[in-house]
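Visitor: I would like to go through this structure with you, residue by residue where that helps. Could you take my questions in turn and show the reasoning behind each reply?

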Amino acid sequence: MVEIFETVEGEGTRAGYPTVFVRLFHCNLRCTWCDTPYSYAPAQPEFEATIGEIVSRAADFGWENVCLTGGEPLIHRHKSQLLVEALAAVDHIQDIHIETNGAIDVRPFAALRDKSELLRRKVRFIVDYKLPASGEMDKMIHEHLTALQSRDELKFVIANDEDFDIAVDVISEYEPTCTILFSPVWETMPPERLVEKILQAGLKQVKLNLQIHKVIWDPAARGV
């Protein structure tokens, strides 16, 4: 484990709502612009906890929104599934959004969601599709994009014009039915430039996604 804390959600369709963040250790990618390098090797886990202990600490905050993130929260496979199911079993937790990096196939997890009324009601996937500037685009799984549902989100973090053009191509080819988010890499793609490009391209289905936690706090701050 890396950390469990309460804050407001910083991005996506639930941005601004009080949320408990559960950050798991380990990731299979090394993105150039990653803002949580403390969540994978050579860094070390901050602590170890059982699934029951994780759920207890998350539930104690009392909020209905939980963000399961990392690192890569689905890299632990069956343990990831058990953790999601245990969080969903907590009555007051109503929304569990899983931030996954696009290199872990979400279809098995989506199939498990489809089989459970409880999971269908509470679990959403937020797939972070990695573009060329991340250095990890070759790891992306495209086949699961069409498994995303209207309650899910597909996020593109855009660092430059090439990233933007490829994101548009991916949307055109796979036609995902979920919410589509375009998020700028602030250092290289000013938000106003990204807005300009979205409008020029006529992307009616794309939502600009700004990370408000980097406006509220220092961009490098942890636990917020």
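Guide: A term first: a patch is made of residues with over 30% relative accessible area and no salt bridge, and nonpolar side chains are joined within 5 Å. Please also keep in mind that this is a predicted model.

Visitor: Which residues form the nonpolar patch on the surface, and what is their accessible area together?

Guide: The patch on the surface is nonpolar, and its members are Trp186, Leu210, Val215, Ile216 and Trp217. Taken together, these residues have an accessible area of about 450 Å².

Visitor: Is Val215 buried or exposed?

Guide: Val215 is found in helix α7, which covers residues 213-216. Since exposed means over 50% relative accessible area, and Val215 has 57% relative accessibility, Val215 counts as exposed.

Visitor: How many disulfides does the count come to?

Guide: A disulfide requires a pair of cysteine sulfur atoms within 2.5 Å. For Cys34 the nearest cysteine sulfur, that of Cys31, is 6.3 Å away, and for Cys178 the nearest one, that of Cys67, is 16 Å away. Neither Cys34 nor Cys178 is in a disulfide, and by this rule the count comes to 0 disulfides.

Visitor: What is the relative accessible area of Cys34, and what is that of Cys178?

Guide: The two cysteines fall into separate classes, given that buried means under 20% relative accessible area. Cys178 is buried, with a value of 8%, whereas Cys34 is partly exposed, with a value of 24%.

Visitor: How many salt bridges does a search of the whole structure find?

Guide: Side chains of opposite charge can pair when their charged atoms come close. Among the residues involved, Glu11, Asp128, Lys130 and Lys155 are linked in a network of salt bridges. Over the whole structure, the search finds 16 salt bridges.

Visitor: How many residues apart in sequence are the parts that Arg14 and Glu64 tie together?

Guide: Arg14 and Glu64 form a salt bridge, with their closest N and O atoms 3.9 Å apart. Both residues are partly exposed, Arg14 at 22% relative accessibility and Glu64 at 40%. Arg14 lies in the loop between β1 and β2, and Glu64 in the loop between α1 and β3, so the pair ties together parts whose separation in sequence is 50 residues.

Visitor: Which residue forms a salt bridge with Asp152, and where does that partner lie?

Guide: The closest N and O atoms of Asp152 and its partner Arg113 are 2.8 Å apart, and both residues are buried. Asp152 lies in the loop between β5 and β6, so its pairing with Arg113 ties together parts that are 39 residues apart in sequence. The partner is Arg113, and its place is helix α3.

Visitor: Which helices hold Asp161 and Arg193?

Guide: Asp161 and Arg193 form a salt bridge, their closest N and O atoms being 3.5 Å apart. Asp161 is partly exposed with a relative accessible area of 36%, and Arg193 also counts as partly exposed, at 28%. The pair links distant parts of the chain, 32 residues apart, with Asp161 in helix α5 and Arg193 in helix α6.

Visitor: Which backbone nitrogen does the side chain of Glu9 reach?

Guide: Glu9, in the loop between β1 and β2, is buried yet has no salt bridge, and the nearest side chain of opposite charge, Arg124, is 6.7 Å away. A salt bridge needs the nitrogen and oxygen within 4 Å. The side chain of Glu9 does reach a backbone nitrogen at 3.3 Å, that of Glu11.

Visitor: Which residues are joined by cis peptide bonds, the one ending at Pro42 and the one ending at Gly71?

Guide: Most peptide bonds are trans. Pro42 lies in the loop between β2 and α1, while Gly71 lies in the loop between β3 and α2. With omega near 10°, the cis bond to Pro42 starts from Ala41, and the cis bond to Gly71, where omega is about 10°, starts from Gly70.

Visitor: What is the positive phi of His26, and what is that of Glu175?

Guide: Most residues other than glycine have a negative phi. His26 lies in the loop between β2 and α1 and is partly exposed at 42% relative accessibility, whereas Glu175, in the loop between α5 and β7, is exposed at 61%. The positive phi of His26 is about 100°, and that of Glu175 is about 45°.

Note on methods
Residues numbered from 1 in each chain as written. Predicted model: local features only at pLDDT ≥ 70, side-chain atom pairs only at ≥ 80, totals over all residues. Heavy atoms only, no water. Buried < 20%, exposed > 50% of the residue type's maximum accessible area, 1.4 Å probe, protein only. Helix = DSSP H or I, 4+ residues; strand = E, 2+ residues; numbered from the N terminus. Patch = residues over 30% accessible without salt bridge, like charges linked within 9 Å, V, L, I, M, F, W, Y side chains within 5 Å. Areas by Shrake-Rupley, 256 points an atom, 1.4 Å probe, with all protein chains shown as cover. Lys, Arg positive; Asp, Glu negative; His and termini not counted. Polar contact = N/O pair within 3.5 Å; in protein donor to acceptor, adjacent residues only side chain to side chain.
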